[in-house]
Amino acid sequence: MKEKPEINVYVRFCETDAGGHVSNTSYFFYMEEARSKFFREIGYTGTQKRGNIDFIIASTACDFLAQAYAGQTLLVKTTVEQIGSKSFKLVHELTESETGARIASGSAVIVCFDYAQQQTELIPAGLREALEEFLVPV
């Protein structure tokens, strides 16, 4: 398995709520950014690489473990937890970059989808191969 891809996210004041901590909705933006960069890292971005296949999110979830605040930097690590025939599950671990304290953990089930045909598609062999390099046994 390759090392987990990771990104740093600087928490902006506008991402906090009336309680002064990061709003629950902001975590989904952080995980989306991590997914986008994960796909770029594995070389699976752009229509030339995907052909007619694109991705849709079938499910996304986040468990909030501790509070985070404006001005902090969060580290988001991404791994692959499951690979099916048409979908796969990415898992995100969010920690405070200075202390390593766990802040949240989340996931997304992603389905390969052909928008022209309006149907799910099998995961292409090249994508499956790239995902397997980051697969963490459950």
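A residue counts as buried under 20% relative accessible area, as exposed over 50%, and as partly exposed in between. By that yardstick threonine 73 is partly exposed, because its relative accessible area is 24%. The model looked at here is a predicted one, and threonine 73 makes a handy way in, as it sits in strand E3. Leaving aside residues up to four places away in sequence, threonine 73 touches Asn8, Val9 and Tyr10, and also Thr95, Glu96 and Ser97. Proline 137 is another matter: 64 residues along the chain from threonine 73, it has its C-alpha 28 Å from that of the threonine.

The contacts of threonine 73 lead straight to strand pairing. Strand E3 covers residues 73-83 and runs antiparallel to strand E1, residues 6-10, with five bridges joining the two. Within this pairing, asparagine 8 stands opposite leucine 75 of E3. Strand E3 also pairs with strand E4, residues 87-96, again in the antiparallel sense, this time over nine bridges. Here valine 80 has leucine 90 of E4 as its bridge partner. Three residues lie between E3 and E4, and the two strands form a hairpin.

Stepping back to the whole chain, what does the secondary structure come to? There are three helices and six strands. Their order along the sequence is β-α-α-β-β-β-β-β-α. The chain is as compact as a globular protein of its length, because its radius of gyration of 16 Å is close to the 14 Å that the globule rule gives for 138 residues. Taken along the principal axes, the box filled by the C-alpha atoms is roughly 45 × 30 × 25 Å. Among contacts between residues at least 6 apart in sequence, 69% join residues at least 24 apart. As for cover, 38% of the 138 residues count as buried. The accessible surface comes to about 7700 Å², and carbon and sulfur atoms account for 48% of that.

How far can the coordinates be trusted? The average pLDDT of the chain is 91, and 94% of the residues score at least 70. Confidence is not spread evenly over the elements, though: E4 has the highest mean pLDDT, at 98, while helix H2, residues 47-50, has the lowest, at 53. Where pLDDT is low, the predicted coordinates should not be read in detail.

Next come the aromatic side chains. The count of aromatic pairs comes to eight. One of them brings together phenylalanine 38 and phenylalanine 39, which meet edge-to-face, with 5.7 Å from centre to centre and 70 degrees between the planes. Phenylalanine 38 is buried, since its relative accessible area is 0%. Phenylalanine 39 is buried too, because its value is 8% and the cut-off for buried is under 20%. Both rings belong to one aromatic cluster, which is made up of Phe38, Phe39, Phe55, Phe88 and Phe134.

A few single residues round out the picture. Serine 23 lies in the loop between E1 and helix H1 (24-41). Is serine 23 buried or exposed? A loop position might leave that open, but serine 23 counts as buried, because its relative accessibility is 14% and the cut-off is under 20%. Apart from residues up to four places away in sequence, serine 23 touches Glu15, Thr16 and Asp17.

Glutamine 118 is in the loop between strand E5 (102-114) and strand E6 (119-120). Its phi is positive, about 55 degrees, although glutamine 118 is not a glycine. This residue is exposed, because its relative accessible area of 53% is over the 50% cut-off.

Glutamate 129 is found in helix H3, residues 125-132. With a relative accessible area of 56%, glutamate 129 is over the 50% cut-off and therefore exposed. Glutamate 129 and isoleucine 42 are 87 residues apart in sequence, and 9.9 Å separates them in space, C-alpha to C-alpha.

Key:
Residues are numbered from 1 along each chain as its sequence is written. This is a predicted model: local features need pLDDT of at least 70, side-chain atom pairs count only at pLDDT 80 or more; totals for chains, interfaces and linings use all residues. Side-chain values use heavy atoms; hydrogens and water are left out. Two strands pair if DSSP finds at least two bridges between them. Helices (H or I, at least four residues) and strands (E, at least two) are DSSP runs, numbered from the N terminus. Buried means under 20% relative accessible area, exposed over 50%, partly exposed in between (1.4 Å probe, protein chains only). pLDDT is the predictor's confidence in each residue, from 0 to 100. The radius of gyration is taken over C-alpha atoms; the globule rule is 2.2 Å times the number of residues to the power 0.38. Contact means heavy atoms within 4.5 Å. Accessible areas come from the Shrake-Rupley method with a 1.4 Å probe; for residues, only the protein chains shown count as cover. Rings of Phe, Tyr and Trp (its six-membered ring) pair if their centres lie within 6.5 Å; planes under 30 degrees apart count as stacked, over 60 as edge-to-face and the rest as tilted.
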